Amino acid sequence: MQRLNKGKTPRRPGPKKASNIEKDPVGVYCRIRPLGAENEECCVEMISSSTIQLHAPDGLKANRNGEYKETQYSFKKVFGINTTQMELFGDVSKPLIEDLIHCKNGLLFTYGVTGSGKTFTMTGSPGEGGLLPRCLDMLFNTIGPFQAKRFVFKPDEKNGMEIQGQVDALLERQKRDSQPSVPKTPSSRQRPDPEFADMISSEEACKSDNVDEDCCYSVFVSYIEIYNNYIYDLLEDAPFDPIRSKPPQSKILREDQNHNMYVAGCTEVEVKSTEEAFEIFWKGQKKRRIANTELNRESSRSHSVFTVKLAQAPLDADGDHILQDKNQVSVSQLCLVDLAGSERTSRTRAEGNRLREAGNINQSLMTLRTCMEVLRENQMCGTNKMVPYRDSKVTHLFKNYFDGEGKVRMIVCVNPKADDYEETMLVMRFAEMTQEVEVARPIDRPIYGLAAGRRHRARAFKDELSQRLEERGRPSSADDPALMNQLVESLPALPHFELLDPADDQSLPRLIEILERRLRVRQMMSEQFDKTATTLRSMVQQFDGQLNAKETFLQDQRCKLSEKEKIIISQKTELERLEKKSKTLEYKVDILQKTTDMYEQDKRSLRNELETREQRLQREQAERRRMEQRMQGMVTDTKHKWEKECERRVNAKQLEMQNKLWVKDEKLKQLKAIVSESSSGAGGGAAAAAGGGGGGFPPERPDKPERPSRERDHNMGRSASPSPLHGNVFKTRGGGQAVQFTDTETLKQEWPLASSRKRRSGSGEGASQMEDIENRAPVASTSSGFGYQKRRKPY
């Protein structure tokens, strides 16, 4: 029986992404804030236009190995303490505004430790406008002449835009004008608010020339803050209740049909000028939550997001009105984010609400770092880990920028004071890691297929018509009622008459003749108008041909210019690389110089120590020579003393031995006398008495002693030759050797057996030999008549 295979749930296919999508890394810039005091210790040094170096403060200068903690970090560009707001805007924000006009999204946020200058970089101060007012100013300077009337574009509450008809837009404008509470667009004659007056001077105003004139534009702004991981609308007008005030309601995040995140129910205000937009921003800025801490007098306690949304739609074929097609509307947005600064509770000494705010700020920034790390790992290692966007409202709101397409730029603000060294190092590590995250490059999307230059042709036609009418002495405006009156008056006048009878044959033919004449004049004017229009159209076409030729020529020149700019950019890059290499080599030279100076100092100290030790050695050697001389004198004196003492003892011993020898001689003489007397008196008996018990002397030794036999030696248990002694050899301090014996021998005297019992009568020789044996030291020898038995001492 065949076993059926159990079915499995198929895996859901992941979203297919095109492999040929070009990506760009996140652009990270660094801005260094000036120190508060000149005598304050600085821990950040700008090495080149793209590299900074962190120096550890004096308290943290050496690590476990005793080396200096000096680290370098590279960015896309580094802005020093003398960088102006205009220079920062030209390098960082200006390309984002150009992309916004060309239907591309952008995200710009500031990041850093609290008190590092993030809010100043984003907002600025009077006379030194930050990035936000300059972005608004450049946007309105570029699209100002091409803006649509108010309420032509209207948000659809789903992160999209719809187009209203002229009648609906007019009704909306009339309704707005009838409400005095709604702020109007401030004119140039009105005095602006002094809190944001003179943000940008007229000399610093800039605009983009690359704008599509065949479109109509409209700008919408919104301003929110993320406080304790809740989203609040700063532009929402809550009803004022003097009895019971209600706290602001938090907003929620939703996803639109294009999978882009947006804040549901957020207020979007249409603005028509830089002043109006910045006034709206300042209105929300006053509601933003700030507090006084130990590190910053006005510390931001929330993340603020100011969104600039640009809606654009093409004109119709005549170039007079906007196409009433929602699918042709393109919406792009630029988010300007001022992140709250990371801070440590040990330094701010926050308590209560401030402590809770700091915890939520640090948690959201930690989530941002985690998302960047996971994105970097997925892109570099090819993994597919889930990015925790939903852990924080900040990351969840900007999810589509990192997963979709757009341009993301980050400005890292750095305070170079030594107290922020450790936190600044963490910020540098995160910023350097963020540069490796890549975002899909936005592409140009053509919105419509109409011919270009429609607005220009319509304007040229109106100008030509006005000029022709002025040449004829008529008003230049075709819509002027006076012009219509002149046209009516140029026709043949109608006669003044009354019809009283239907059968009047005179008045009716006359009226018909006048009307026919007016018809012929009208037809002639219509033909002339058509002829003029045809001529004008041919002239416009000719102008279009010339304009296209000039545009082609300009395009060629632009291509050549772009090639030259690429060459210049490559040369600048090479120059920056060489400058960076030169700075690095100079830094290495400085390190080597410091090392050389340190070695020279060590060499001098060692030389001084060597000289001191040599002097000490010389003194010790002189003292030793003096000691040797003194000891030699003492040895010489002792030697003479002991030589005299030995000589004295030898003389005494010789004298003593002579005395003993004299005593022995006397005894021998007496013995000889006794022996001679006994031999003469009783030879045998006396000899026997003398041999058996006389005097206790040993018997006479035979002239030729018997040689001991091998058998007797074997019975005695010893060898004829002396046995070797055992011992250990040690080296002495003077260079010699000493022997310590571990075995001893005991010598025993044995009398040999006499071969004959005969004795000589003269025993004087035996007595003398006996006397010699008593006075002689025992010696182990096998050649003598006496035998000595050797015994070993047991171990």
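**Figure 1. A salt bridge joins Lys385 and Glu377 in this predicted model.** The closest N and O atoms of Lys385 and Glu377 are 2.8 Å apart. Lys385 is partly exposed, at a relative accessible area of 43%. Glu377 is partly exposed too, with a value of 28%. Both values fall between the 20% that bounds buried and the 50% that bounds exposed.

**Figure 2. Lys77 and Asp91 pair across two elements.** Their side chains meet in a salt bridge, with an N to O distance of 2.7 Å. Lys77 belongs to strand β6 (residues 77-79), and Asp91 to helix α1 (residues 85-92). The pair therefore ties together parts that lie 14 residues apart in sequence. Lys77 has a relative accessibility of 31% and counts as partly exposed. Asp91, with a relative accessible area of 30%, is also partly exposed.

**Figure 3. Asp403 and Lys399 form a salt bridge within helix α10.** The closest N and O atoms of this pair are 3.8 Å apart. That distance is within the 4 Å limit for a salt bridge. Helix α10 spans residues 399-403. The two residues sit four positions apart, about one turn of the helix. Asp403 is partly exposed, with a relative accessible area of 36%. Lys399 is partly exposed as well, at 26%.

**Figure 4. Glu22, Asp24 and Arg441 share a salt-bridge network.** Here three residues are linked by salt bridges. Side chains of opposite charge can pair when their charged atoms come close. Across the whole structure, a search finds 24 salt bridges.

**Figure 5. Helix α2 packs against helix α4.** Two packed helices are described by the angle between their axes and the distance between the axes. Helix α2 covers residues 94-101, and helix α4 covers residues 131-143. Their axes meet at an angle of about 40 degrees and are 10 Å apart. That angle makes α2 oblique to α4. The crossing of the two helices is right-handed. From α2, the contact uses Lys94, Ile97, Glu98, Leu100 and Ile101. From α4, Cys135, Met138, Leu139 and Thr142 take part. By class, the residues of this contact are six nonpolar, one polar and two charged.

**Figure 6. Helix α1 also packs against helix α4.** The angle between α1 and α4 is about 60 degrees, with the axes 10 Å apart. The crossing of α1 and α4 is right-handed. On the α1 side, the contact is made by Gln85, Met86, Leu88 and Phe89. On the α4 side, Leu131, Arg134, Cys135 and Met138 contribute. The contact of α1 with α4 has six nonpolar residues, one polar and one charged. Cys135 and Met138 of α4 also take part in the contact with α2.

**Figure 7. The whole protein sets the context for the close-ups.** The protein has 17 helices and 26 strands. Buried residues make up 32% of its 795 residues. Among contacts with a separation of 6 or more, 73% join residues 24 or more positions apart.

Terms used:
Residues numbered from 1 in each chain as written. Predicted model: local features only at pLDDT ≥ 70, side-chain atom pairs only at ≥ 80, totals over all residues. Heavy atoms only, no water. Axes fitted to C-alpha atoms, helices over the stretch in contact; angles between N-to-C directions. Parallel < 35°, antiparallel > 145°, perpendicular 65-115°, else oblique. Left-handed = near helix turned anticlockwise from the far one by under 90°. Contact = heavy atoms within 4.5 Å. Nonpolar A, V, L, I, M, F, W, Y, C, P; charged D, E, K, R; others polar. Buried < 20%, exposed > 50% of the residue type's maximum accessible area, 1.4 Å probe, protein only.
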